[in-house]
Amino acid sequence: MKKALKFAGIGLGIAFVAIQFFQIDKTNLPIVQANTLEATVSVPPDVALILGRSCNDCHTNNTVYPWYANVQPFGWFLKDHIDEGKRKLNISEFSTYAAKKKVKKLEEICEQVESAEMPLPSYLWIHRDAVLKDTEKKALCDWVNVEKEKIAL
Ligand code: HEC
């Protein structure tokens with residue numbers, strides 16, 4: 001029994017070392033000013049601050065990877081969220097969306113923060129400063145409600 005445990009331990013150790021050879025791609029795509037959220041929508045400083053602190057890592061081409069992104073399988077887990085997040089909403093490419101999609105995504109921003117689905121809870125375990133106060137959620141929703149009306153459908 002003891003021997004089996006020892007071998008299992010060694011096996012896990014080897015597997016852990018082996019998966020470190022499969023690092024994630026951390027290159028950010030370039031940010032084209034004309035494609036950003038700011039190119040379509042006016043973003044006041046308080047809103048920019050909230051988005052920057054709590055959303056940018058998964059929803060812009062300006063992801064800052066933490067050190068543990070270099071430790072697998074944590075990096076795989078992060079990368080998965082980042083890719084999926086950007087696929088659903090990329091603030092750096094917002095202006096490339098069709099008008100209807102722009103309005104929908106703006107509305108989603110408010111809905112997702114109100115329902116506490118965003119920022120993704122697993123992100124908040126480590127990024128405690130990304131937790132949104134009620135006043136910040138309200139600021140995002142108020143902003144969305146003003147800006148979405150300005151988009152001609
Ligand atoms: C750790 C990564 C991460 C962070 C941080 C994050 N998101 Fe997300 N976001 C995701 C992922 C993954 C999805 C797709 C899965 C889902 O919808 O639950 C998503 C989906 C969304 C969607 C849904 C888009 C759609 O059309 O379905 C919106 C809107 C959104 N996020 C807004 C935000 C806002 C606003 C913030 C900051 C307050 C934020 N997210 C922070 C990862 C993240």
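**View 1. The second largest pocket has a lining of 13 nonpolar, four polar and one charged residues.** This is a predicted model, so read the side chains below with that in mind. The pocket in this close-up, second largest in the model, holds about 280 Å³ of space. Its lining counts 18 residues, and those closest to the centre are Tyr68, Phe77, Leu78, Ser122 and Tyr123.

**View 2. Helices around the second largest pocket.** H3, H4 and helix H6 (121-126) each put at least two residues into this lining. H4 has the largest share of it, at five residues.

**View 3. The largest pocket, with about 500 Å³ of space.** Here 23 residues make up the lining, and His59, Lys88, Leu89, Gln112 and Met118 sit closest to the pocket's centre. Sorted by class, that lining breaks down into 12 nonpolar, six polar and five charged residues.

**View 4. Helices around the largest pocket.** Four helices each bring at least two residues to the lining: H2 (45-54), H3 (56-59), H4 (74-88) and H5 (99-114). Which helix gives the most to the lining of the largest pocket? That would be H5, with five residues.

**View 5. The ligand in its pocket.** The space that the ligand takes up is the largest pocket, the one with about 500 Å³ of space. Around the ligand there are 19 residues, and Cys55, Cys58, His59, Lys105 and Met118 come nearest. Two of these names, His59 and Met118, also turn up in the list of residues closest to the centre of the largest pocket.

**View 6. The shell around the ligand, by helix and by class.** H3, H4 and H5 each supply at least two residues of this shell. H5 has the largest share here, with five residues. As for chemistry, the shell is made of 10 nonpolar, five polar and four charged residues.

**View 7. Zooming in on His59 and the ligand.** What lies 2.8 Å from a polar side-chain atom of His59? It's a nitrogen atom of the ligand. His59 is also one of the residues that come nearest to the ligand.

**View 8. Zooming in on Lys105 and the ligand.** A polar side-chain atom of Lys105 and an oxygen atom of the ligand are 2.5 Å apart. Like His59, Lys105 is among the residues that come nearest to the ligand.

How values were computed: Residues are numbered from 1 along each chain as its sequence is written. This is a predicted model: local features need pLDDT of at least 70, side-chain atom pairs count only at pLDDT 80 or more; totals for chains, interfaces and linings use all residues. Side-chain values use heavy atoms; hydrogens and water are left out. On a 1 Å grid over the protein atoms alone, a cavity is a set of points where a 1.4 Å probe fits but cannot get out, and a pocket is an open set with protein on both sides within 12 Å along at least five of seven lines; lining residues have an atom within 4 Å of a point. Grid points are joined across faces, edges and corners, and a volume is the space filled by probe spheres set on the points. Ala, Val, Leu, Ile, Met, Phe, Trp, Tyr, Cys and Pro count as nonpolar, Asp, Glu, Lys and Arg as charged, and the others, Gly among them, as polar. A residue is near a molecule or strand if one of its heavy atoms lies within 4 Å of it. A polar contact is a pair of N or O atoms within 3.5 Å; within protein, one must be able to donate a hydrogen and the other to accept it, and residues adjacent in sequence count only if both atoms are side-chain atoms. A molecule sits in a cavity or pocket if more than half of its atoms lie within 2 Å of its grid points.
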